[in-house]
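Colleague: Could you walk me through this one, starting at the surface and then going inside?

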Amino acid sequence: MARTGKTQNAAPAAADNSLNALQAAYEANRRYAASDEELLHFYEQMVLIRRFEERAGQLYGLGLIGGFCHLYIGQEAVAVGIQSALKEGHDSVITGYRDHGHMLAYGIDPKVIMAELTGREAGISRGKGGSMHMFSTSHKFYGGHGIVGAQVSLGAGLAFAHQYNEDNGLCVAYFGDGAANQGQVYESFNMAALWNLPIIFVVENNQYAMGTAVNRSSAETHFHRRGAAFRIPGMDVNGMDVLEVRSAANVAVDYVRAGNGPVLMELNTYRYRGHSMSDPAKYRSREEVQDVRDHRDPIEAAKKDLLDRGIPEDKLKEIEKRIRTICTEAADFAENSPEPAMNELYTDVLVETY
């Protein structure tokens, strides 16, 4: 009996080690050794997302964007760090309704994104998706989903397609700390593990879900541990440092692309604005938000890294100026584009033509 007991105790220990192997690899090299050109590109992408979202907020306030609008301000390092490790246009990306930043990080034209936000014909979904439901199959970006957690199951399907087609592609499925409590998320974990699907599940833990702190809504607040029951290795990552995100993404992508099955990444990040533009965010203090801005802002951190490398501040100012021009042009393009014709109501309803 004693021998049996030792055997039973040894198995979980070995299992724990295998589930922590990716975390150990990330911890061994926490920050990606980006070249100056790479870091400048990451910085530029994050600034683009920040300024684009600020402009979208302005257009929402003017009534030019209808419905809900969820901004990505503060979380820029997550999308940029992860998607810079992917094969753009080959690997699939799917997310929830806070989706503008992910599209920009995947190289999609700001003009067609802003046109979609404002419901114009020139929008990437012809003005019919709006803020929450944007798609670009040519870029392998599959939304933009308004049902909380729905994208996780769809992401498993995209991963299955990569596996079925034997194209060596993978899917990144983003979801938030609030969606992490949805039952379909765990059904998808189980299926992905059973079928060894090439998928990276990414929890963007911005601490408040729709407006409730994680410690008030989740019994297990270490979301990267939630795949353990399905033998999915987890990674706990600082989502406010783009170089740490990229380093962790490299580990996860290499593991999945080698045919080892799914990975669960928890990206600890923070959103500066409310859940949506209609949320006053009274569940947290202004001092808390300002403290994150002052000490953990991903863009300011990247800027400091660049300055420490000897990159002239004037060059960073030029990037800022150019990005502001891009966002102004995107807003002008959207405002001056026509709305969809009435007959567009009947297109794109079914895949085939009848």
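Colleague: Is tyrosine 164 buried or exposed?

Modeller: First, a heads-up: this is a predicted model, where local features need pLDDT of at least 70, side-chain atom pairs count only at pLDDT 80 or more, and totals for chains, interfaces and linings use all residues. Residues are numbered from 1 along each chain as its sequence is written, and side-chain values use heavy atoms, leaving out hydrogens and water. Buried means under 20% relative accessible area, exposed over 50%, and partly exposed in between (1.4 Å probe, protein chains only). Tyrosine 164 has a relative accessible area of 64%, so the answer is exposed.

Colleague: Where is tyrosine 164 placed?

Modeller: Helices are DSSP runs of H or I, at least four residues, numbered from the N terminus. Tyrosine 164 sits in one of these, helix α7.

Colleague: What about the inside: which helix gives the largest share of the largest nonpolar core?

Modeller: Such a core is a set of buried Ala, Val, Leu, Ile, Met, Phe, Trp, Tyr and Cys residues joined through side-chain atoms within 4.5 Å. Here the largest has 76 residues, and Ile82, Ile200, Met235 and Met265 touch the most other members. Eleven residues, the largest share, come from helix α3.

Colleague: And which side chain of opposite charge is nearest to arginine 246?

Modeller: Arginine 246 belongs to helix α10 (residues 242-257). Lys and Arg count as positive and Asp and Glu as negative, with His and the chain ends not counted. Arginine 246 is buried yet has no salt bridge (a side-chain nitrogen of Lys or Arg within 4 Å of a carboxyl oxygen of Asp or Glu). At 4.6 Å away, the nearest side chain of opposite charge is glutamate 38.

Definitions and conventions:
Helices (H or I, at least four residues) and strands (E, at least two) are DSSP runs, numbered from the N terminus.
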